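Work through the exercises below with the sequence and the 3D view side by side. Try each task before reading its solution.

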Amino acid sequence: MNVPEPFIRERLEQEQRSWSAMLPEQYDRVMCEMLEGLDVGMNTPERLEALLALADAILHRNAPRLIDSRACIFEQLLAVASDPATATSRRRIHALLLEAWRQLVAEAAAGPEHVSAVPDLPRGLVLPSGADPQAIDDPILRDAARELDIRYAQEVERWTASQRAIGHLYRLVALVHGFERAAGDSSEVDKQLERAMSAAPGLPSTLRKRLEGSA
């Protein structure tokens, strides 16, 4: 291993502290910053070992909305995977890359396809849809409207997260194709990677077609 053990240990301890102290959204953002900062003043073997260790730790965290860090891991790993100097680590790189992809696809599939413009109100009310529940005089209907408002906010949050993940997926597919064009004819390893990516459960059909070259 070309990276001094203290260097990796320090980064992993920082990841652990961030996970323990931060909300998922903040952790997600901080991990992107850590990943993107790994190449500063480091040669390829050092950066690779640190990247693989940190990516593995991040991908083992189980929480919703960890979206940007997964996309960042995929992008960083894709870049090093095309370097001939990393050939001996290619299997590890692809395993982590595909896990980041799988988790992004799962986040994309977890959200609803559509959300209404405003929350529903209980049946029988004459107030316009989306009206403030506080404007409802009847306490039972007011409580019901509040519950619907909470459910609506959760639905919007899930939809927003799903759309963010889908946006990342489209961008990452474009990056994969860009690396292929830069390298010339796609190698069998690249083709295997794309086949594995297209097989991820829940992947939108338009993305699957792009990976399979039919769109």
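A nonpolar core is a set of buried Ala, Val, Leu, Ile, Met, Phe, Trp, Tyr and Cys residues joined through side-chain atoms within 4.5 Å. The model used here is predicted.

**Exercise 1. The core**

Task: state how many residues the largest nonpolar core has and which of them have the most contacts inside it.

Solution. Step 1: the core has 47 residues. Step 2: Leu 35, Ile 73, Phe 74, Leu 77 and Trp 101 have the most contacts inside it. Step 3: find the elements that give two or more residues to this core. They are helix 2, helix 3 (44-59), helix 4, helix 5, helix 6 (139-183), helix 7 (188-198) and helix 8 (205-211). Step 4: take Leu 77 and set aside residues up to four places away in sequence. Leu 77 then touches Leu 51, Leu 52, Ile 93, Leu 96 and Leu 97.

**Exercise 2. Helix 2**

Task: compare the reach of helix 2 with its expected span, then list its buried residues.

Solution. Step 1: helix 2 covers residues 24-36, which is 13 residues. Step 2: from first C-alpha to last, helix 2 reaches 18 Å. That is close to the 18 Å expected at 1.5 Å a residue. Step 3: the buried residues in helix 2 are Tyr 27, Asp 28, Val 30, Met 31, Cys 32, Met 34 and Leu 35.

**Exercise 3. Aromatic pairs**

Task: count the aromatic pairs and describe the geometry of each.

Solution. Step 1: the count is 2 aromatic pairs. Step 2: Trp 19 and Tyr 27 pair at 5.1 Å centre to centre, with 75° between the planes. Planes over 60 degrees apart count as edge-to-face, and the pair of Trp 19 and Tyr 27 is edge-to-face. Step 3: check burial. Trp 19 is partly exposed because its relative accessibility is 25%. Tyr 27, at 0%, counts as buried. Step 4: Phe 74 and Trp 101 form a tilted pair, 5.5 Å centre to centre and 40° between the planes. Step 5: Phe 74 belongs to helix 4 and Trp 101 to helix 5, so this pair ties together parts 27 residues apart in sequence. Step 6: Phe 74 is buried at a relative accessible area of 0%. Trp 101 is buried too, at 1%.

**Exercise 4. Two serines**

Task: are Ser 89 and Ser 198 buried or exposed?

Solution. Step 1: recall that buried means under 20% relative accessible area. Step 2: Ser 89 has 10% relative accessibility, so Ser 89 counts as buried. Step 3: place Ser 89 in the loop between helix 4 (68-81) and helix 5 (90-110). Outside its neighbours up to four places away, Ser 89 touches Leu 48 and Leu 52. The C-alpha atoms of Ser 89 and Glu 49 are separated by 9.4 Å, with these positions 40 residues apart along the chain. Step 4: Ser 198 is in helix 7. Its relative accessible area is 8%, so Ser 198 is buried. Leaving out neighbours within four places, Ser 198 contacts Leu 203, Arg 208, Leu 211 and Glu 212.

**Exercise 5. The cavity**

Task: how many cavities of 30 Å³ or more are there, and which residues line the largest cavity?

Solution. Step 1: the count is 1 cavity of 30 Å³ or more. Step 2: the largest cavity has a volume of about 40 Å³. Step 3: its lining consists of Ile 8, Arg 11, Leu 12, Leu 38, Ala 50, Ala 53 and Leu 54. Step 4: helix 1 (5-21) and helix 3 each supply at least two residues of this lining.

Methods:
Residues are numbered from 1 along each chain as its sequence is written. This is a predicted model: local features need pLDDT of at least 70, side-chain atom pairs count only at pLDDT 80 or more; totals for chains, interfaces and linings use all residues. Side-chain values use heavy atoms; hydrogens and water are left out. Helices (H or I, at least four residues) and strands (E, at least two) are DSSP runs, numbered from the N terminus. The expected span of a helix is 1.5 Å times one less than its number of residues. Buried means under 20% relative accessible area, exposed over 50%, partly exposed in between (1.4 Å probe, protein chains only). Contact means heavy atoms within 4.5 Å. Rings of Phe, Tyr and Trp (its six-membered ring) pair if their centres lie within 6.5 Å; planes under 30 degrees apart count as stacked, over 60 as edge-to-face and the rest as tilted. On a 1 Å grid over the protein atoms alone, a cavity is a set of points where a 1.4 Å probe fits but cannot get out, and a pocket is an open set with protein on both sides within 12 Å along at least five of seven lines; lining residues have an atom within 4 Å of a point. Grid points are joined across faces, edges and corners, and a volume is the space filled by probe spheres set on the points.
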